[in-house]
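Here's a quick briefing to read alongside the model. Keep the viewer open and click along as you go.

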Amino acid sequence: MKHQNRHHRIHQEGRHSVWGIVVLMLLINIPMYWFVQPHWISAITLTLTALLLAFVAYFFRNPVRVVEVNDPNFLLAPADGHIVVVEPTMEDEIFHEQRLQVSIFMSPFNVHANWYPIEGQIVRSEHQKGRHMGAWLPKSSTENERSLVIIETPSKLQVAVRQIAGAMARRIVTYAKAGHTCSRNEHMGFIKLGSRVDMYLPLNTEIFVQVGEAVRGNETIIGRLPE
């Protein structure tokens with residue numbers, strides 16, 4: 001697998017937020033500078049609003065990650081974060097069979113863009129309302145607000161990817177549409193604040209990661225689908 005040059009930009013989901021804070025900085029700091037004495041007070045206000053702008057820009061950072069994969073069965077991480085689950089589980093909502101679950105927990109400091117883990121056709125994409133309990137809890141997979149994307153590979157294997165809202169995350173954005181094709185290096189969506197992404201894979205998928213391991217979206221190889 002080859003990585004091409006990476007750089008950062010602001011994700012489209014955060015551009016309105018960044019520009020809104022820039023406008024807010026101008027509305028607050030210009031009057032403070034002209035009408036408030038002494039000037040150290042306006043300097044503190046400018047510093048605080050600049051830190052707010054820096055945090056929002058950091059949160060909505062969008063690293064450009066382009067990879068070339070020489071094996072079509074490789075699964076790439078759909079998100080940045082840490083592996084919290086690697087285990088067989090009975091999947092009753094989608095496949096109604098035993099599946100291998102791999103889950104990635106995203107902290108508020110991780111990149112929150114999500115990528116497609118593999119190339120194929122999107123056969124299902126839907127959003128479900130739910131609770132907002134901590135995303136690290138096992139029940140969050142089935143009870144929290146979530147979006148589901150099912151991808152069918154050219155070899156007719158199906159991979160389910162579920163974006164899950166956490167206690168702070170209140171908005172899940174999913175670009176996937178049923179009937180469309182998807183590919184690596186392409187964004188699947190975006191989750192605001194701390195959250196989680198689950199994958200449900202065929203049981204005989206070869207897994208290359210373990211619980212506790214840090215992964216990078218569209219870079220770390222999670223595993224390899226069976227032939």
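What follows covers confidence, strand pairing, side-chain contacts and two backbone oddities.

This is a predicted model, so local features need pLDDT of at least 70 and side-chain atom pairs count only at pLDDT 80 or more, while totals for chains, interfaces and linings use all residues. Residues are numbered from 1 along each chain as its sequence is written, and side-chain values use heavy atoms, with hydrogens and water left out.

**How far to trust it**

- The protein chain has a mean pLDDT of 84, and 83% of its residues reach 70 or more; pLDDT is the predictor's confidence in each residue, from 0 to 100.
- Within the protein chain, confidence bottoms out in strand β1 (residues 2–3) at a mean of 54 and peaks in strand β14 (residues 206–207) at 97.
- Strands here are DSSP runs (E, at least two residues), numbered from the N terminus.

**Strand β13, covered on both faces**

- Seven of the seven residues of strand β13 (residues 195–201) are buried, where buried means under 20% relative accessible area, exposed over 50% and partly exposed in between (1.4 Å probe, protein chains only).
- Ser 195, Val 197, Met 199 and Leu 201 point one way from β13, while Arg 196, Asp 198 and Tyr 200 point the other way, and all are buried.
- β13 runs antiparallel to β5, with seven bridges joining them; two strands count as paired if DSSP finds at least two bridges between them.
- β13 also runs antiparallel to β9, this time over six bridges.
- Arg 196 is a handy landmark: this β13 residue is the bridge partner of Phe 105 and also of Ile 164.

**The β3-β16-β14 sheet and its aromatic pair**

- β3, β16 and β14 make an open, antiparallel sheet in that order.
- β3 (74–76) and β14 are the edges, each with a single partner strand, so one side of each has no neighbour in the sheet.
- Three bridges hold β3 against strand β16 (residues 221–224) in the antiparallel sense, with Phe 74 opposite Arg 224.
- Searching the whole structure turns up one aromatic pair.
- That pair is Phe 74 with Phe 208, edge-to-face at 6.2 Å centre to centre and 80 degrees between the planes.
- For the cut-offs, rings of Phe, Tyr and Trp (its six-membered ring) pair if their centres lie within 6.5 Å; planes under 30 degrees apart count as stacked, over 60 as edge-to-face and the rest as tilted.
- Phe 74 sits in strand β3 and Phe 208 in the loop between β14 and β15 (214–215), so the pair ties together parts that are 134 residues apart in sequence.
- Phe 74 is buried at 16% relative accessible area, whereas Phe 208 is partly exposed at 38%.

**Other strand pairings**

- Another open sheet of three strands goes β6-β12-β10, also with antiparallel pairing.
- Its edge strands, β6 (113–115) and β10 (172–174), each pair on one side only.
- β10 meets strand β12 (residues 187–191) over three antiparallel bridges, and Thr 174 has Gly 189 as its bridge partner there.
- Strand β7 (residues 120–128) is joined by seven bridges to strand β8 (residues 146–152), running antiparallel; one spot to click is His 127, opposite Ser 147.
- β7 also pairs antiparallel with strand β11 (residues 181–182), over two bridges, where Gln 121 stands opposite Thr 181.

**Side-chain contacts**

- Arg 99 puts its charged end over the ring of Phe 95, 3.8 Å from the ring centre; the test is NZ of Lys or CZ of Arg within 6 Å of the ring centre and within 35 degrees of the ring normal.
- The side chains of Thr 153 and Ser 155 share a polar contact of 3.0 Å.
- A polar contact is a pair of N or O atoms within 3.5 Å; within protein, one must be able to donate a hydrogen and the other to accept it, and residues adjacent in sequence count only if both atoms are side-chain atoms.
- Thr 153 lies in the loop between β8 and β9 (158–165) and is buried, with a relative accessible area of 4%.

**Positive phi**

- Most residues other than glycine have a negative phi.
- His 96 has a positive phi, near 55 degrees; this residue is in the loop between β4 (81–91) and β5 (97–106) and counts as exposed at 53% relative accessibility.
- Asn 185 has a positive phi too, near 70 degrees; this residue is in the loop between β11 and β12 and is partly exposed at 31%.

Terms used: Helix = DSSP H or I, 4+ residues; strand = E, 2+ residues; numbered from the N terminus.
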